[in-house]
Amino acid sequence: MSEEQSQETVTLDLLDRRVVRRRAIGVAVAAVVIGAAIGGIAGLFAGAVGFFVPLVVLALPLLLMAYGEARKTYWLCGTEVAARAFGTRRVDLATATALDVLITDIRGTRTISLVVTGPPRHRTLNVALAMYAGTGGKELGVYALRRLADTLAGTGDTRALVLSELIVAQLRAEARGDAAADRPLYKLASAVPGGGVARRVANTDVAKFVAMLD
């Protein structure tokens with residue numbers, strides 16, 4: 001990888017920004033409606049104060065969450081993964097203290113993510129690689145996955161090398177035209193037992209899974 005490529009900024013957003021903003025607007029509208037409804041009931045007994053207190057207490061946190069979600073974006077620059085919502089957080093893959101695969105299962109939709117912890121401020125970032133529902137889903141773009149795989153491989157860390165091989169296998173499956181259900185990320189996400197909202201996959205289990213890939 002050339003020096004110019006290594007310093008290029010690559011977006012790591014799984015979902016389109018318009019989709020994220022639309023969801024955030026939905027959360028904001030729901031927050032106002034729920035807050036106003038409960039505030040209206042309280043206002044019948046406590047007047048204006050009874051209306052505005054529940055409205056602020058219930059709606060404000062959700063509005064802040066919606067605002068943060070609307071602004072949230074991830075990118076890779078050099079060896080650093082960064083995320084922005086209210087502020088910007090960065091984690092250097094080259095010196096990461098923890099690299100894990102996380103599977104979340106919410107209402108039948110499974111998301112497989114790369115969780116990175118490390119310098120410069122020992123923070124943790126969760127980068128979604130793919131999201132599946134049924135036999136289809138949404139995956140991070142080919143170029144973003146390629147750059148992420150190259151960066152992980154370049155660190156020389158054993159855990160990072162395994163994750164790089166997993167991503168490369170995913171890219172090969174996509175190049176062959178394999179259906180989503182036949183791709184490594186889908187298979188790994190499906191292999192984790194259900195019944196929990198979020199599960200970390202042990203590094204040894206990821207290594208065994210990668211070793212069994214064609």
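This briefing walks through the strands, the largest cavity and one buried leucine of the structure above. The model is predicted, so local features need pLDDT of at least 70, side-chain atom pairs count only at pLDDT 80 or more, and totals for chains, interfaces and linings use all residues. Residues are numbered from 1 along each chain as its sequence is written, and side-chain values use heavy atoms, with hydrogens and water left out.

**The chain as a whole**

- The protein chain has six helices and nine strands; both are DSSP runs numbered from the N terminus, helices being H or I over at least four residues and strands E over at least two.
- Of its 214 residues, 40% count as buried, where buried means under 20% relative accessible area, exposed over 50% and partly exposed in between, with a 1.4 Å probe and protein chains only.
- The accessible surface comes to about 11500 Å², and carbon and sulfur atoms hold 60% of that; the areas come from the Shrake-Rupley method with a 1.4 Å probe, and for residues only the protein chains shown count as cover.
- Among contacts with a separation of 6 or more, 55% are between residues 24 or more positions apart, a contact being heavy atoms within 4.5 Å.

**The five-stranded sheet**

- Five strands make an open sheet in the order β8-β7-β6-β5-β9, with antiparallel pairing; two strands pair if DSSP finds at least two bridges between them.
- At the edges lie β8 (136-139) and β9 (198-201), each of which pairs on one side only.
- On average, neighbouring strands of this sheet are turned by 30° against each other, direction ignored; the axes are lines fitted to C-alpha atoms, for helices over the stretch in contact, and angles run from 0 to 180 degrees between N-to-C directions.
- Within the sheet, β5 (residues 98-106) and β6 (residues 109-118) run antiparallel and are joined by nine bridges.
- One bridge to look up is that of A98, whose partner in β6 is T117.

**Around strand β2**

- Strand β2 (residues 73-77) is largely enclosed by the rest of the structure, because four of its five residues are buried.
- On one pairing, β2 meets β1 (residues 9-11) in the antiparallel sense over three bridges, and T11 has W75 as its bridge partner in β2.
- On another, five bridges join β2 to the antiparallel β3 (residues 80-84), where Y74 has A83 as its bridge partner.
- β2 and β3 form a hairpin with two residues between them, and G78 in the turn has a positive phi of about 65°.

**The largest cavity**

- The whole structure holds two cavities of 30 Å³ or more; on a 1 Å grid over the protein atoms alone, a cavity is a set of points where a 1.4 Å probe fits but cannot get out, and lining residues have an atom within 4 Å of a point.
- The largest cavity has a volume of about 50 Å³, a volume being the space filled by probe spheres set on grid points, which are joined across faces, edges and corners.
- Its lining consists of V101, S113, L114, L129, L152, L163, L166 and I167.
- Two elements, β6 and α4 (158-176), give two or more residues to this lining, and α4 has the largest share with three residues.

**L166**

- L166 sits in helix α4 and counts as buried at 1% relative accessibility.
- Leaving aside residues up to four places away in sequence, L166 touches P184, L185, L188, V206, F209, V210 and L213.
- The C-alpha atoms of L166 and L213 are separated by 8.7 Å, with their positions 47 residues apart along the chain.

Conventions:
On a 1 Å grid over the protein atoms alone, a cavity is a set of points where a 1.4 Å probe fits but cannot get out, and a pocket is an open set with protein on both sides within 12 Å along at least five of seven lines; lining residues have an atom within 4 Å of a point.
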